[in-house]
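Work through the exercises below with the sequence and the model at hand. Try each task before reading its solution.

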Amino acid sequence: MLEEILQFLGGLATPPAWIERALVEQETLLLDHRTLEFKAAQTALSLMGRYLTRSELAARMSRLAREELVHFEQVTRIIRRRGIELRHVTASRYASGLREQVRKNEPERLVDTLIVGAFIEARSCERFAALVPHLDNELAKFYAGLLESEGRHYQGYLQLALLYGDAGDVAQRIEVIRQVENHLIASVDEQFRFHSGLPA
């Protein structure tokens with residue numbers, strides 16, 4: 001699965017400098033991760049509501065939203081056990097940068113939104129795998145456990161894009177969005193977040 005995901009991400013792995021920064025800023029990492037799980041559930045529900053007549057999408061997004069909320073609760077428990085104060089963490093440039101590529105008209109809007117979802121889930125999976133060898137036992141076990149679910153989410157988004165879009169168009173849009181994703185990961189980023197780029 002990880003090999004397939006890395007190939008989807010264009011072979012661009014998380015830079016070692018980001019991992020080093022993540023180990024120093026684990027509090028921010030966890031707080032941002034908590035927010036991202038909530039936003040993932042929110043995105044799934046939003047897609048479900050917008051395209052409620054598309055039965056396969058609605059069924060998958062319903063399951064995904066429930067699973068992401070479970071992850072949200074799990075991260076919250078870890079944060080509380082570690083005595084970290086819950087506070088707002090501003091969003092990174094990553095998701096908004098990807099969503100800028102989404103076309104405005106249907107069905108292209110749906111296809112691009114699903115492809116963006118696939119990239120977010122794929123990068124999350126890759127980051128969890130990159131972090132696991134460097135974390136304490138509790139976090140390593142938790143993040144290793146998330147690898148399978150994030151991988152399934154990536155595949156699910158991609159399958160839906162191919163279900164509702166033309167295969168040739170999907171392939172072209174993956175290439176376009178991949179270039180943007182790679183730039184966001186490989187370029188210098190002023191703030192540290194779960195999906196941030198190279199630390200400034």
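**Exercise 1: Helix H8**

Task: Compare the expected span of helix H8 (residues 167–186) with the distance between its end C-alpha atoms.

Solution. The structure is a predicted model. Step 1: the expected span is 1.5 Å times one less than the number of residues. Step 2: helix H8 has 20 residues, so its span should be 28 Å. Step 3: the end C-alpha atoms of H8 are 28 Å apart, which agrees with the expected value.

Task: Which residues of H8 are buried, and what covers them?

Solution. Step 1: the buried residues of H8 are Val170, Arg173, Ile174, Ile177, Arg178, Val180, Glu181, Asn182, Leu184 and Ile185. Step 2: the cover over these residues includes helix H1 (2–8), helix H5 (93–99), helix H6 (108–131), helix H7 (137–164) and E2.

Task: Which backbone nitrogen does a side-chain oxygen of Asp166 reach at the start of H8?

Solution. The backbone nitrogen belongs to Gly168, and the oxygen of Asp166 comes to within 3.1 Å of it.

**Exercise 2: His195**

Task: Where is His195 found, and is His195 buried or exposed?

Solution. Step 1: His195 lies in the loop between strand E1 (188–189) and strand E2 (198–199). Step 2: a residue is buried if its relative accessible area is under 20%. Step 3: the value for His195 is 5%, so His195 counts as buried.

Task: With which side chain does the side chain of His195 make a polar contact, and which residues does His195 touch?

Solution. Step 1: the polar contact joins the side chains of His195 and Ser124, at 2.9 Å. Step 2: leaving out residues up to four places away in sequence, His195 touches Asp32, Leu36, Ser92, Tyr94, Ile120, Arg123, Ser124, Arg127 and Ile185. Step 3: Ile185 is also one of the buried residues of H8.

**Exercise 3: Aromatic rings**

Task: How many aromatic pairs does a search of the whole structure find?

Solution. Step 1: the search finds 8 aromatic pairs. Step 2: in the pair of Phe142 and Tyr143, the ring centres are 5.6 Å apart and the planes stand at 40 degrees, so the pair is tilted. Step 3: Phe142 and Tyr143 are both buried. Step 4: Phe142 and Tyr143 belong to one aromatic cluster, together with Trp18, Phe128, Phe192 and Phe194.

Task: Over which rings do Arg127 and Arg178 lie?

Solution. Step 1: Arg127 lies over the face of Trp18, 4.0 Å from the ring centre. Step 2: Arg178 lies over the face of Phe8, at 5.9 Å from the ring centre. Step 3: Trp18 has a place in the aromatic cluster, while Arg178 is among the buried residues of H8.

**Exercise 4: Salt bridges**

Task: How many salt bridges does a search of the whole structure find?

Solution. Side chains of opposite charge can pair when their charged atoms come close. The search finds 14 salt bridges.

Task: Describe the salt bridge between Glu27 and Arg87.

Solution. Step 1: the closest N and O atoms of Glu27 and Arg87 are 2.7 Å apart. Step 2: the pair links distant parts of the chain, with Glu27 in helix H3 (residues 26–50) and Arg87 in the loop between helix H4 (55–81) and H5, 60 residues apart. Step 3: Glu27 is partly exposed, with a relative accessible area of 37%. Step 4: Arg87 counts as partly exposed at 41%.

Task: Describe the salt bridge between Arg152 and Glu67.

Solution. Step 1: the side chains of Arg152 and Glu67 meet at 3.1 Å, N to O. Step 2: this pair also links distant parts of the chain, Arg152 being in helix H7 and Glu67 in helix H4, 85 residues apart. Step 3: Arg152 is partly exposed at 39% relative accessible area, and Glu67 is partly exposed at 21%.

Task: Which residues are linked in a network of salt bridges?

Solution. The network links Arg81, Arg82, Asp136 and Glu138.

**Exercise 5: Thr28**

Task: Is Thr28 buried or exposed, and which residues is Thr28 in contact with?

Solution. Step 1: Thr28 is found in helix H3. Step 2: Thr28 has 12% relative accessibility, so Thr28 counts as buried. Step 3: apart from neighbours within four places in sequence, Thr28 is in contact with Arg87, Phe192 and Arg193.

Note on methods:
Residues numbered from 1 in each chain as written. Predicted model: local features only at pLDDT ≥ 70, side-chain atom pairs only at ≥ 80, totals over all residues. Heavy atoms only, no water. Helix = DSSP H or I, 4+ residues; strand = E, 2+ residues; numbered from the N terminus. Buried < 20%, exposed > 50% of the residue type's maximum accessible area, 1.4 Å probe, protein only. Polar contact = N/O pair within 3.5 Å; in protein donor to acceptor, adjacent residues only side chain to side chain. Contact = heavy atoms within 4.5 Å. Phe/Tyr/Trp six-rings, centres within 6.5 Å; stacked < 30°, edge-to-face > 60°. Lys NZ or Arg CZ within 6 Å of the ring centre and 35° of its normal. Salt bridge = Lys/Arg side-chain N within 4 Å of Asp/Glu carboxyl O.
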